[in-house]
Amino acid sequence: MLPAYAAYAMLSLAPILVLGVPPIWTQPEQVHLSYPGVPGSMLVTWTTFNKTESKVEYGVLGGRLFDMAATGSASLFVDSGEEKRKMYIHRVTLTGLKPASAYAYHCGSDAGWSDVFYFTALNDSTSFSPRFALYGDLGNENPQSLARLQKETQLGMYDVILHIGDFAYDLHEDNARIGDEFMRQIQSIAAYVPYMTCPGNHEATYNFSNYRNRFSMPGQTESLWYSWDLGSAHIISLSTEVYFYLMFGQELLFKQYEWLKKDLEEANKPENRAVRPWIITMGHRPMYCSDDDQDDCTKFDSYVRLGRNDTKPPAPGLEDLFYRYGVDLELWAHEHTYERLWPVYGDKVYNGSTEQPYMNPKAPVHIITGSAGCREKIDPFNPNPKEWSAFRSRDYGYTRMQVVNSTHVYLEQVSDDQYGKVIDSIWVVKEKHGFSAWL
Ligand SMILES: [Fe+2]
């Protein structure tokens, strides 16, 4: 029998013994893919809350499971919220994949493995006709389009997903637990096809740190801006937020602008534009929109379109730059609606012709698709849109795009409110690309 004092000491320790044992968090979660931009590669990113090794075991689908393996590394991310929650973000790049081959994989370490997922390595041929789903403004709460996107992605309808800013609402909330749950929500899409992103205003808290740490886009900018090629398209992802959050560094705005110029110059070299004639941009806040909410795009002198005069030196906008380098298609979100614009430059419409506006358009085509679903619901429209507004919808939904070949791109809008009905579609047809196509 224990002496009375020893029993008393143990009893007084009991609450500590019960409460003081933290769980072990070595199980991988929040698995998602991204394309590093190098043919034959795929990057797997996931989270654990205790430190583990970072391994992916994989194999050709239908062959022997996990006969190949790759290792990577984990970086510690400490959220800036009160609790300073810690997580390890693991990144492993698979290389030497056979284009268009399907692979099964799991990720983790000997301390815990994920479920088995599969993906198809992106086809690196310039005659490949990739199919995209694209949208912005998808949140943890009221993610109305998510179930349809999950099913369609798993059915193999998409090669790539583009999420054009505003995630989770917001990634950092509840000490980044909302971010964790959102990344779990999109796993059933993002673990199967590359999930390519750009930052939006909802990522701004703590200088975009949840966004920068959780995603793994190509290049060295912590996913803020980058470009990559697929099929006959050169795709540029950018941060419109550099025009609004000057407190995080006005130099970012100029840095991105210089990078965009260089990237567009390179993409326009005759030998490059000949094989990747389509230049498609994605950025969160549009240059134009006809919503009734006082956002930047509702103003004639939108920062994104025309730049800012209140910085030193004045900051150039993007419209002239994109026009000069013959950007064909500009994808935006932020407005919680869908809007298709006629080919537009300088606030004026430049249709190819009256009968066929998108056949050899004389200015870039803009699509705004921010109605995937979030807690902020749908935005109202201005009852008197300008003449560049071609089609508008306040249904929840998302956009499908196929870059069919060097002359044809197809876009359609899916309404989730109407159970998946296609409510808008266009063919953009261009026999000529680049600045000279406008003349
Ligand atoms: Fe936004």
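This passage walks through the domains, strand pairing, core and backbone details of a predicted model.

The protein is divided into two parts, domain 1 (residues 29-120) and domain 2 (residues 131-438). Their C-alpha centres are separated by 27 Å. The contact between them draws 25 residues from domain 1 and 25 residues from domain 2. On the domain 1 side, the elements that supply two or more residues are β1 (29-34), β2, β6 and β9 (117-120). Strand β1 provides the largest share of that side, with six residues. Sorted by class, the side of domain 1 that touches domain 2 holds eleven nonpolar, eight polar and six charged residues.

Two features recorded in UniProt fall within the bounds of domain 2. An unreviewed entry lists "domain: Calcineurin-like phosphoesterase" for residues 131-338. Over this stretch the model has 34% helix and 19% strand, and the end C-alpha atoms lie 19 Å apart. The record, again an unreviewed entry, also places "domain: Purple acid phosphatase C-terminal" at residues 363-425. Here the chain is 0% helix and 48% strand, with the end C-alpha atoms 19 Å apart.

Strand pairing comes next, beginning with β6. Strand β2 (residues 42-48) runs antiparallel to β6 (residues 86-94), and seven bridges join the two. Within this pair, Thr-47 stands opposite Ile-89. Strand β6 is also joined to β5 (residues 73-78), by six bridges and again in the antiparallel sense. In that pairing Ser-73 of β5 faces Arg-91 of β6. As a general guide for reading such pairs, side chains in a regular strand alternate between the two faces of the sheet.

A further set of pairings involves β7 (residues 102-109). Six bridges link β7 to β3 (residues 55-60), with the two strands antiparallel, and Val-60 has Tyr-103 as its bridge partner in β7. Strand β7 also pairs with β9 in the antiparallel sense, over four bridges. Tyr-103 takes part here too, standing opposite Phe-119. Strand β8 (residues 112-113) is joined to β7 by two bridges, also antiparallel. These two strands form a hairpin with two residues between them, and Gly-108 has Trp-113 as its bridge partner in β8.

Phe-119 deserves a separate look. This residue sits in strand β9 and counts as buried because 22 C-beta neighbours lie inside 10 Å. Beyond neighbours within four places in sequence, Phe-119 is in contact with Leu-33, Met-42, Tyr-103, Tyr-192 and Val-193. Phe-119 and Asp-159 are 40 residues apart in sequence, yet their C-alpha atoms are 9.1 Å apart in space.

Turning to the interior, the largest nonpolar core contains 104 residues, and Val-44 and Ile-161 have the most contacts inside it. Helix α6 (residues 250-267) gives the most to this core, namely five residues. The core lies between domain 1 and domain 2, because both give residues to it. Apart from residues up to four places away in sequence, Ile-161 touches Ala-133, Thr-153, Ile-189, Ala-190, Val-193, Tyr-195 and Met-196. Val-193 thus appears among the contacts of Ile-161 and also among those of Phe-119.

Buried positions are also found in helix α5 (residues 205-214), where Phe-208, Asn-210, Tyr-211, Asn-213 and Arg-214 are buried. The cover over these residues includes β5, β6 and α3 (173-185).

Finally, a few backbone details may interest anyone checking the geometry. Most residues other than glycine have a negative phi, and most peptide bonds are trans. Against that background, a cis peptide bond joins Tyr-169 and Asp-170, with omega about -10°. Asp-170 is in the loop between β13 (167-168) and α3. A cis peptide bond also joins Lys-312 and Pro-313, with omega about -5°, and Pro-313 lies in the loop between β18 (307-308) and β19 (315-316). Positive phi values occur at Phe-66, near 60°, and at Asp-174, about 50°. Phe-66 is located in the loop between β3 and β4 (68-71), whereas Asp-174 lies in helix α3. Phe-66 is partly exposed, with 15 other C-beta atoms within 10 Å. Asp-174 is partly exposed as well, with 14 other C-beta atoms within 10 Å.

Notes: Residues numbered from 1 in each chain as written. Predicted model: local features only at pLDDT ≥ 70, side-chain atom pairs only at ≥ 80, totals over all residues. Pairing = 2+ DSSP bridges. Buried ≥ 20, exposed ≤ 12 C-beta atoms within 10 Å, placed from the backbone. Contact = placed C-beta atoms within 7 Å. Domains from an automatic or database assignment. Nonpolar A, V, L, I, M, F, W, Y, C, P; charged D, E, K, R; others polar. Core = buried A, V, L, I, M, F, W, Y, C linked by C-beta atoms within 7 Å. UniProt positions renumbered as here; feature names shortened; annotations may be inferred.
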